[in-house]
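Colleague: I am new to this structure and would like a close look at a single part of it, namely a charged residue and its surroundings. Please take it slowly, and then set that part beside other charged groups in the chain.

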Amino acid sequence: MKHILNTILSVAVLFCLASCMKIDNFDAPQAKISGNLIDKTTGKNMLLDHGTTHIRIWERSYSTNPTPQDLAIKMDGSYNNERLFSGTYDMLPLDGSFWPCDTTYNVAIGKKGAVQDFEVVPYLHVVDFTTELNGAELTLSARLQAPIPTGLPQILEVRPFLSLNQFCGAGNRIDYYYTDSYRVNIRKNWEKIGTADGEGNEVYSVTLPVKPGYTYWCRMGVQINNTYKSWNYSEIKKIEVPAAN
């Protein structure tokens, strides 16, 4: 009798396992979406740090209360994702150093792909970025501009960022230079450092020691006291320091 019960239990377990091993008939996600995050005031792509700004999406064709997903935006302001399910999505740029968007984009995404650009207004522009190499010292300088000076969050600081590769910013930097010795501490509202027309009153400069024979990628950034303590950046410049004689 005990043997019969064990046999029945074994068969029941096998049936349960078989029911858990049903073939997944759902197609893998193949819908594609790409585009750019564009600075509305210049018509050019936003200057970003790698992976710090996102496009948040909600698949409305699947659920009335969908779980949000985030699409990472590259350092050059572009994004691309080829692993979404076909459907209709709400899309909104988030986490960046720009004025909050007041428009959610509704986008149909299919296997043939969709292209959707987003326009935003950055809090600040880091302009007139210059580099001067003098032996083993590198001086970086830049000014600030405010596209919308009224209501701007407090400006916290200006910093240099150096990297040993083309990815350069707060998320990818040489930590040696990320100290209070190499920053300009501001902690002021715009009216204390710039005009009502959005022009900054000062040129911010920082001089850094660099190593002979090294190649650096560098830029300057300004941090804003918004929810994300985010950064607006200059373009990136490549600096080759000659080897010592």
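Modeller: Leaving out residues up to four places away in sequence, Glu59 touches Pro66, Phe85, Ser86, Gly87, Thr88 and Tyr89, in what is, I should say at once, a predicted model. Glu59 itself belongs to strand β2, which covers residues 54-59. The residue is buried, yet it takes part in no salt bridge. The nearest side chain of opposite charge is that of Arg60, 10 Å away, and a salt bridge needs a side-chain nitrogen within 4 Å of a carboxyl oxygen, so the pair does not qualify.

For a contrast, we can turn to another glutamate, Glu157, which is likewise buried, with a relative accessible area of 4%, but which does form a salt bridge, its partner being Arg187, with the closest N and O atoms 3.7 Å apart. Glu157 sits in strand β11 and Arg187 in strand β12, so this pair ties together parts of the chain that are 30 residues apart in sequence. Arg187, for its part, is partly exposed, at a relative accessible area of 40%.

The pair also belongs to a wider group, since Glu157, Arg159, Asp180, Arg183 and Arg187 are linked in a network of salt bridges. Within that group, Arg183 deserves a look of its own: it lies in the loop between β11 (155-163) and β12 (184-188), and it is partly exposed, with a relative accessible area of 22%. Its side chain makes a polar contact with the side chain of Glu157 at 2.6 Å, and another with the side chain of Asp180 at 3.3 Å. Once neighbours within four places in sequence are set aside, the residues in contact with Arg183 are Glu157, Val158 and Arg159. The C-alpha atom of Arg183 is also separated by 7.0 Å from that of Val206, a residue 23 places away along the chain.

Other salt bridges in the chain involve residues with their own degrees of exposure. Asp175 and Arg173 meet through their side chains at 3.0 Å, N to O; Asp175 counts as exposed at 52% relative accessibility, whereas Arg173 is partly exposed at 30%. Glu240 is paired with Lys238, the closest N and O atoms lying 3.6 Å apart, and Glu240 is exposed, with a relative accessible area of 54%. In total, the structure holds 11 salt bridges.

It remains to place these details in the chain as a whole. The protein chain has one helix and 16 strands, and 40% of its 245 residues count as buried. If one takes the contacts between residues at least 6 apart in sequence, 68% of them join residues at least 24 apart. The accessible surface comes to about 14,100 Å², and 52% of that belongs to carbon and sulfur atoms. To return to where we began, Glu59 is a buried residue without a salt bridge, while the buried Glu157 is linked with Arg159, Asp180, Arg183 and Arg187 in a network of salt bridges.

Conventions: Residues numbered from 1 in each chain as written. Predicted model: local features only at pLDDT ≥ 70, side-chain atom pairs only at ≥ 80, totals over all residues. Heavy atoms only, no water. Helix = DSSP H or I, 4+ residues; strand = E, 2+ residues; numbered from the N terminus. Buried < 20%, exposed > 50% of the residue type's maximum accessible area, 1.4 Å probe, protein only. Lys, Arg positive; Asp, Glu negative; His and termini not counted. Contact = heavy atoms within 4.5 Å. Areas by Shrake-Rupley, 256 points an atom, 1.4 Å probe, with all protein chains shown as cover. Polar contact = N/O pair within 3.5 Å; in protein donor to acceptor, adjacent residues only side chain to side chain.
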